[in-house]
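Trainee: I have a structure open and would like to learn how to read it. Where should I start?

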Amino acid sequence: MRFARNQDINFEQLGESKGAEKRRHGRVICDGVQCSIGEVLDLSASGMRVKTRFKMPEAGEVFVVTLDTIEGPLAVLSRIRWVRRCGMFTREVGLEFFDPGPKSKQVLQELAGRAAYNDSFKAAS
């Protein structure tokens with residue numbers, strides 16, 4: 001998988017904070033939720049933690065992640081906040097969502113709700 005470099009993005013416009021990082025939203029543990037780079041471990045209104053086998057770009061890089069949802073694939077602009085090696089070939093990645101629109105927010109809330117109650121679903125194919 002190749003990741004495009006996004007050097008022309010205005011991070012101030014996208015909401016990058018320069019201060020100390022604090023969690024803004026509660027997390028929901030996910031089971032069986034997939035995205036374009038791997039398995040979603042937990043999800044919140046502002047981001048997610050993903051287990052991946054891909055070699056990830058450095059923190060700060062921006063790219064689109066596609067989540068598998070009941071309503072079909074959902075593409076969300078995301079920034080890598082941190083990358084942690086957790087095995088020989090696996091990494092955990094913290095991603096921050098950038099200003100998802102109202103429809104994307106609704107789909108993310110539904111996905112988090114289903115994950116919280118362990119509702120299973122088949123992604124649309």
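**Burial, salt bridges and the core**

Mentor: Start with a single side chain. Arg49 has a relative accessibility of 22%, so this residue counts as partly exposed. Keep in mind that the model is predicted.

Trainee: Which residue forms a salt bridge with Arg49, and how far apart are the closest N and O atoms?

Mentor: A salt bridge is read from the distance between a side-chain nitrogen of Lys or Arg and a carboxyl oxygen of Asp or Glu, with a cut-off of 4 Å. Here the partner of Arg49 is Glu92, and the closest N and O atoms are 3.1 Å apart. Glu92 lies in strand E6 and Arg49 in strand E3, so the bridge ties together parts that are 43 residues apart in sequence.

Trainee: Is Glu92 buried or exposed?

Mentor: The cut-off for buried is under 20% relative accessible area. Glu92 has 15%, so Glu92 is buried.

Trainee: Which residues are linked with this pair in a network of salt bridges?

Mentor: The network links Asp42, Arg49, Arg84 and Glu92.

Trainee: How many salt bridges does the structure hold?

Mentor: There are five. Two of them involve Glu96: one with Arg79 and one with Arg81.

Trainee: How do I read the bridge between Arg79 and Glu96?

Mentor: Take the distance, then the position of each partner. The N to O distance is 3.1 Å. Arg79 belongs to strand E5 and Glu96 to strand E6, so this pair ties together parts 17 residues apart in sequence. Both Arg79 and Glu96 are buried.

Trainee: And what is the distance for Arg81 and Glu96?

Mentor: That bridge is 3.4 Å, N to O. Arg81 sits in strand E5 and Glu96 in strand E6, 15 residues apart, and the pair links distant parts of the chain. Arg81 has 24% relative accessibility and so counts as partly exposed, whereas Glu96, at 10%, counts as buried.

Trainee: Now the overall fold. How many helices and strands are there?

Mentor: The protein has two helices and six strands. Along the sequence the order is α-β-β-β-β-β-β-α.

Trainee: Which residues of the largest nonpolar core touch the most other members?

Mentor: To read a core, look for buried nonpolar residues joined through their side chains. This one has 23 residues, and those touching the most other members are Cys35, Val40, Leu43, Met48, Leu67 and Leu95. The elements that each give two or more residues to it are strands E1 (28–35), E2 (38–43), E3 (47–52), E4 (62–69), E5 (72–85) and E6 (91–97), together with helix H2 (102–116).

Trainee: What is Cys35 in contact with, leaving aside its neighbours within four places in sequence?

Mentor: Cys35 is in contact with Val40, Met48, Val50, Val65, Thr66 and Leu67.

Trainee: Where does Leu111 lie, and is Leu111 buried or exposed?

Mentor: Leu111 lies in helix H2. Its relative accessible area is 4%, so Leu111 is buried. For a distance across the chain, compare C-alpha atoms: those of Leu111 and Glu71 are separated by 9.7 Å, with their positions 40 residues apart along the chain.

Trainee: Which totals describe the protein as a whole?

Mentor: Use burial, contacts and surface. Buried residues make up 37% of the 125 residues. Among contacts with a separation of 6 or more, 49% come from residues 24 or more positions apart. The exposed area is about 8100 Å², of which carbon and sulfur atoms supply 47%.

Technical notes: Residues are numbered from 1 along each chain as its sequence is written. This is a predicted model: local features need pLDDT of at least 70, side-chain atom pairs count only at pLDDT 80 or more; totals for chains, interfaces and linings use all residues. Side-chain values use heavy atoms; hydrogens and water are left out. A nonpolar core is a set of buried Ala, Val, Leu, Ile, Met, Phe, Trp, Tyr and Cys residues joined through side-chain atoms within 4.5 Å. Buried means under 20% relative accessible area, exposed over 50%, partly exposed in between (1.4 Å probe, protein chains only). Helices (H or I, at least four residues) and strands (E, at least two) are DSSP runs, numbered from the N terminus. Contact means heavy atoms within 4.5 Å. Accessible areas come from the Shrake-Rupley method with a 1.4 Å probe; for residues, only the protein chains shown count as cover.
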